[in-house]
Amino acid sequence: MSTFEGLGLQENLLKAITSLGYTQPTPIQEKAIPVLLSGTKDLVGLAQTGTGKTAAFGLPLLQLLKAEQRFPQALIVCPTRELCMQIVSELELFKKYMAAVQVLAVYGGASIGMQIRDLRRGVQIVVATPGRLIDLIERKAINLEEIKYVVLDEADEMLNMGFQDDIEFILQNTPKRDATWLFSATMPAEIKRVSRKYMKDPMEITVGTKNTANKNIDHQFFVTNAHHRYEALKRLIDFNPGIYGIIFTRTKADAQNISEKLTREGYDIDALHGDLTQQQRDKVMGEFREKSLQLLIATDVAARGIDVQGITHVINYELPDDVEIYTHRSGRTGRAGNTGVCLSIIHSREIGKLRQIERIVQVPFHKVEVPTGKDVCRKQFFHFMDKLLNADISHGDYESYVPMMEEKFADVSKEDVLKRVAAQEFTRFLKYYENAEDLNVRVQREREAPSRGPRERIPIGAVRSPRPSFSPGNGDFVKLFVNLGTKDGFYKASFLQFVLDMSDLRKDVLGKIDMKEMNSWIEIDRKSAPQMIRAIDGKNYKGRRIRMNDANTR
Ligand code: AMP
């Protein structure tokens with residue numbers, strides 16, 4: 001087993017690593033650090049977040065750059081502000097004994113003037129998001145002339161977010177670039193193209209298998225009705241009293257609404273989504289990181305690249321459409337050798353989709369029953385008893401109150417005292433769960449997943465193109481109007497799921513879905529139309545009354 005000493009790192013970095021408590025390099029560090037230190041020019045590292053890749057490129061960078069020269073020598077480009085800040089804070093820890101090295105994060109949403117001033121002070125490493133970096137280049141506020149090392153972190157995410165031109169622009173504007181190190185969780189064709197075009201014979205290092213989920217994560221799923229999703233979420237939270245977790249939703253509106261609802265019910269939760277100002281986002285993230293917030297509910301975009309230590313649970317309020325998103329979500333837990341749990345709340349119709357994800361990530365998913373009210377109460381009691389036993393009574397003058405308490409409770413048995421203590425904590429809780437219904441949906445017989453099939457990325461849950469019989473004009477189908485659209489945070493797949501979940505109808509009764517910003521039109525088998533209208537028309541969606549009716553009779 002290798003050690004950090006054996007990888008060729010210098011003394012001041014080794015000292016910093018030891019003070020961080022890292023005892024052993026992670027596989028990506030073990031493979032990449034000696035290669036990068038030995039002067040290998042270009043490298044492609046296939047690794048997900050949580051594998052220790054920041055140290056894998058950060059430690060060699062710190063060792064290679066010339067601390068006495070006060071201009072940018074290394075550029076790290078990454079997709080989000082959060083990731084920028086994370087990388088900088090890790091580098092700050094690694095460079096604890098390298099006072100002369102300055103690291104600066106530049107990203108959008110913060111004062112560019114301030115960043116320009118900081119750049120002028122002379123920094124050796126710049127960590128940037130693509131958009132802000134381009135802005136700085138165009139204002140001639142950053143000198144890329146002497147950049148020797150360019151690191152592209154989470155390159156696949158940057159391309160997904162549409163930064164391809166920006167990345168190429170950056171690579172074209174670093175004339176003295178000696179080495180390009182690209183890190184990516186996946187290797188889509190576009191990344192291959194960028195690496196072919198801008199890198200020379202890159203050495204490729206893979207940690208784990210592409211798309212393979214972390215083996216330290218236990219993947220569990222719970223089958224319930226769509227209208228019980230929220231209740232099921234609450235049960236899962238209540239069943240895990242020590243939870244420190246992230247809940248993922250597909251839409252900003254869901255993240256916000258669920259957060260508000262749970263907060264009203266006394267849960268310690270806040271939302272992270274794109275509609276928040278940067279200041280609000282920083283506040284939420286700061287609180288979550290410090291663990292003064294127990295739960296974070298987030299959309300995928302907002303949570304991209306977040307690295308928070310010690311997350312015990314990831315909960316998918318809904319399954320994502322894409323297996324890569326599932327891998328990213330679940331990868332927020334089980335980091336740096338810890339174990340974690342990823343819970344998915346699904347509808348019975350989503351089992352096929354879940355099995356597809358399972359096949360691709362090649363880790364077994366376990367079907368678990370949504371806990372009953374009794375299960376939850378029992379679990380909470382155990383937690384409460386532990387808390388009681390572990391309560392710190394070493395501080396505070398409890399002793400002086402004992403005689404008084406003894407006198408007061410002289411006629412009350414220990415059993416009754418305990419009951420009374422428990423009642424303080426539990427009355428509301430026990431009442432709530434007293435007659436709680438069973439939220440599980442019994443799945444009759446799960447269809448076996450085909451043993452063979454494509455292993456490549458698949459658009460899970462993608463809306464199938466309408467079958468020929470559903471084409472407009474066919475007399476058996478009608479077109480329904482509904483006053484919901486993309487503005488409500490839906491895209492086709494989530495909208496389809498929404499109307500099916502609400503109406504309890506099967507996907508094959510539907511034809512084409514036409515979505516506009518404010519309204520949508522759904523083709524549906526004439527016989528099923530009344531059921532859908534009954535289930536949806538007049539209901540509330542995010543505080544707005546849904547109107548659904550036959551488009552031809554409007
Ligand atoms: P990353 O993949 O860079 O996002 O790293 C994930 C987390 O693992 C970071 O919070 C690091 O602090 C931590 N980490 C990185 N390398 C090690 C190591 N060798 N031992 C223990 N923890 C590590």
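**Exercise 1. Which residue in strand 13 is the bridge partner of histidine 219?**

Before the solution, some conventions are needed. The model is predicted, with local features requiring pLDDT of at least 70 and side-chain atom pairs counting only at pLDDT 80 or more, while totals for chains, interfaces and linings use all residues. Residues are numbered from 1 along each chain as its sequence is written, and side-chain values use heavy atoms, leaving out hydrogens and water.

Solution. Strands are DSSP runs of E with at least two residues, numbered from the N terminus, and two of them pair if DSSP finds at least two bridges between them. Strand 8 (residues 217-223) and strand 13 (residues 340-346) pair in the parallel sense over 7 bridges, and in strand 13 the partner of histidine 219 is cysteine 342. Both strands belong to an open sheet of 7 strands with parallel pairing, in the order 10-11-9-12-13-8-14. At its edges are strand 10 (269-272) and strand 14 (365-367), each of which pairs on one side only.

**Exercise 2. Describe the sheet that contains strand 1, and explain what sets its edge strands apart.**

Solution. This open sheet has 7 strands in the order 3-4-2-5-6-1-7, with parallel pairing. Strand 3 (103-106) and strand 7 (203-206) each have a single partner strand, so one side of each is left without a neighbour in the sheet. Within the sheet, strand 1 (residues 43-46) and strand 6 (residues 179-184) pair in the parallel sense over 4 bridges, and glycine 45 stands opposite phenylalanine 183 in strand 6.

**Exercise 3. State which domains contribute to the shell around the ligand, and work through its polar contacts.**

Solution. An automatic or database assignment sets the domain bounds, dividing the chain into domain 1 (4-206), domain 2 (217-370 + 441-447), domain 3 (373-433) and domain 4 (477-553). Domain 1 and domain 2 each supply at least three residues to the shell.

Next, consider the residues around the ligand, meaning those with a heavy atom within 4 Å of it. There are 17, of which Tyr22, Gln29, Gly52, Thr54 and Gln309 come nearest. By class, the shell divides into 4 nonpolar, 9 polar and 4 charged residues, where Asp, Glu, Lys and Arg count as charged and Gly is among the polar ones.

Finally, take the polar contacts, which are pairs of N or O atoms within 3.5 Å. A polar side-chain atom of threonine 54 lies 2.5 Å from a ligand oxygen atom, and for glutamine 309 the corresponding distance is 2.6 Å. Threonine 51 instead places a backbone N or O atom 3.0 Å from an oxygen atom of the ligand. The protein covers 86% of the 500 Å² of accessible area (Shrake-Rupley method, 1.4 Å probe) that the ligand has on its own.

Key: Polar contact = N/O pair within 3.5 Å; in protein donor to acceptor, adjacent residues only side chain to side chain.
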